[in-house]
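This briefing covers burial, salt bridges, one helix and one pocket. Keep the structure open while reading.

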Amino acid sequence: MIRNIKKVARLIFIFLLMFLVACEGNVSPKPIESREPKQELISPDEDRIKIGFSMDTLEEERWPRDRDLFKEAVEALGAEVVIREAKGDDALQIVQAERLISEGIDLLVIVPHNAEAVATIVNKAHSAGIKVISYDRLVKNSSVDLYISFDNEVVGELQAQAITKLVPKGKYVYIGGASTDNNAHLLKKGVFNVLQPLINSGDIQIVYDQWTENWAPENARAYMEAALKINENEIDAVIAANDGTAGGVIEAIAAQGLTGKIPVAGQDADLAAVQRILKGKQTMTIYKPIKTLAYEAAKVAIKMAKGETIPTDRKVNNGKLEIPSLLLSPIAVDKNNMDETIIADGFHSKDEVYMQR
């Protein structure tokens with residue numbers, strides 16, 4: 001019954017899209033739409049569950065893993081997945097999501113580039129009777145149906161705990177992620193949950209604090225160069241929002257001949273980062289078992305597409321509603337527990353990790 005209602009809603013949505021296109025026949029197409037090839041509409045009578053996966057980017061090391069693992073899990077469960085990558089372009093992500101909706105998906109999973117801008121996608125999906133899952137990053141100010149991620153506030157806390165254990169007093173630099181990504185705000189909140197009491201006591205000073213546009217390592221390097229210059233290289237510790245930004249930070253540190261002398265935290269357990277840890281260039285990272293996330297997301301996506309209720313024990317406020325959430329546990333990793341975490345799980349092989357030591 002639920003799927004029949006959704007099919008009718010989809011037909012109405014498709015009719016409305018065709019009507020709008022007809023009404024705008026004299027308007028020149030937007031350049032953005034030419035980037036994505038036109039897709040044939042798939043019959044809404046198709047019985048096989050079809051999941052749409054709208055991804056922000058595949059540029060960072062982790063995201064191709066998420067894509068492949070999610071696809072593997074969906075197909076293993078007997079469903080189909082259609083994947084689109086927006087290349088960090090908000091407008092393109094919205095266009096791609098609209099097309100996924102018109103192609104007859106049963107549920108949309110989205111990794112937003114801009115947490116605010118893609119709220120419109122949620123509204124359009126709901127108009128077509130399609131539920132939406134926020135994958136790893138929360139869509140802000142929307143009525144998204146479920147959020148599944150790691151506990152990003154805990155990620156920040158683990159980073160800060162590891163660094164303050166090594167450097168309980170001194171001058172700290174914080175290099176955040178993209179301000180448009182809700183995860184970056186959660187990470188920072190977690191970091192400062194730990195740092196703030198030490199700041200209040202005067203033990204720690206934050207001498208530089210900057211968001212990193214698009215999470216770009218080259219931007220992080222430029223910010224770290226500025227921090228070093230302003231403070232005449234007198235910096236005692238750095239917490240970076242992920243391993244990409246940590247890599248940029250470490251390049252700036254190396255240029256000043258300070259490699260290994262300033263503790264640096266990252267997260268994501270990128271291969272380059274774990275190799276840097278073994279070489280003493282980076283202090284620690286956060287391992288988030290992506291296979292667990294992708295498989296759990298696939299499982300709940302298919303259940304929701306069938307109209308089943310997903311039990312959750314957490315809610316996260318997205319600025320509009322308290323969103324039912326499934327939050328998985330991250331793991332702090334340094335050179336002492338690398339073998340029993342990321343290598344034991346097959347996230348990276350032992351040969352990969354130790355090949356450049």
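Asp56 has a relative accessible area of 5%, so Asp56 is buried, the cut-off being under 20%. The model is predicted. Asp56 is also one half of a salt bridge, with Arg137 as its partner. The points below start from that pair and then move to other bridges, helix H3 and the second largest pocket.

**The Asp56–Arg137 pair**

- The side chains of Arg137 and Asp56 form a salt bridge, at 2.7 Å from N to O.
- This pair links distant parts of the chain, 81 residues apart.
- Arg137 sits in the loop between strand E4 (131–135) and strand E5 (146–150).
- Asp56 sits in the loop between strand E1 (50–55) and helix H2 (62–76).
- Is Arg137 buried or exposed? Its relative accessibility is 5%, so Arg137 counts as buried.
- Asp181 enters the picture too: Asp56, Arg137 and Asp181 are linked in a network of salt bridges.

**Other salt bridges**

- How many salt bridges are there? The count comes to 18.
- Glu153 and Lys189 make one of them through their side chains, at 3.1 Å from N to O.
- Glu153 belongs to helix H5 and Lys189 to helix H6 (residues 182–201), so this bridge ties together parts that are 36 residues apart in sequence.
- Glu153 is partly exposed, at 23% relative accessibility.
- Lys189 is also partly exposed, at 45%.
- Glu296 and Lys299 form a salt bridge at 3.4 Å from N to O.
- Both Glu296 and Lys299 lie in helix H10 (residues 290–305). They are 3 residues apart, about one turn of the helix.
- Why does that spacing suit a pair within one helix? An α-helix has 3.6 residues a turn, so residues three or four places apart point the same way.
- Glu296 has a relative accessible area of 24% and is partly exposed. Lys299, at 37% relative accessibility, counts as partly exposed.

**Helix H3**

- Helix H3 covers residues 90–102, which is 13 residues.
- At 1.5 Å a residue, H3 should span 18 Å; its end C-alpha atoms are 19 Å apart, which agrees.
- H3 is mostly covered, with 10 of its 13 residues buried.
- Among the buried residues of H3 are Leu92, Ile94, Val95, Leu100 and Ile101.
- Polar and charged side chains are on that buried list as well, including Gln93, Gln96, Arg99 and Ser102.
- At the start of H3, a side-chain oxygen of Asp89 comes within 3.0 Å of the backbone nitrogen of Ala91.
- After H3 comes Gly104, with a positive phi near 95°.

**The second largest pocket**

- The second largest pocket holds about 400 Å³ of space.
- Its lining has 21 residues. Nearest its centre lie Ala162, Leu166, Thr283, Met284 and Asp334.
- By class, the lining of this pocket has 9 nonpolar, 7 polar and 5 charged residues.
- Which elements each supply at least two residues of the lining? They are helix H5 (152–166) and strand E13 (331–333).
- Helix H5 gives the most, with 4 residues.
- Helix H5 therefore appears twice in this briefing: Glu153 in H5 pairs with Lys189 in H6, and H5 gives the most to the lining of the second largest pocket.

Technical notes: Residues are numbered from 1 along each chain as its sequence is written. This is a predicted model: local features need pLDDT of at least 70, side-chain atom pairs count only at pLDDT 80 or more; totals for chains, interfaces and linings use all residues. Side-chain values use heavy atoms; hydrogens and water are left out. The expected span of a helix is 1.5 Å times one less than its number of residues. Buried means under 20% relative accessible area, exposed over 50%, partly exposed in between (1.4 Å probe, protein chains only). A polar contact is a pair of N or O atoms within 3.5 Å; within protein, one must be able to donate a hydrogen and the other to accept it, and residues adjacent in sequence count only if both atoms are side-chain atoms. On a 1 Å grid over the protein atoms alone, a cavity is a set of points where a 1.4 Å probe fits but cannot get out, and a pocket is an open set with protein on both sides within 12 Å along at least five of seven lines; lining residues have an atom within 4 Å of a point. Grid points are joined across faces, edges and corners, and a volume is the space filled by probe spheres set on the points. A salt bridge is a side-chain nitrogen of Lys or Arg within 4 Å of a carboxyl oxygen of Asp or Glu.
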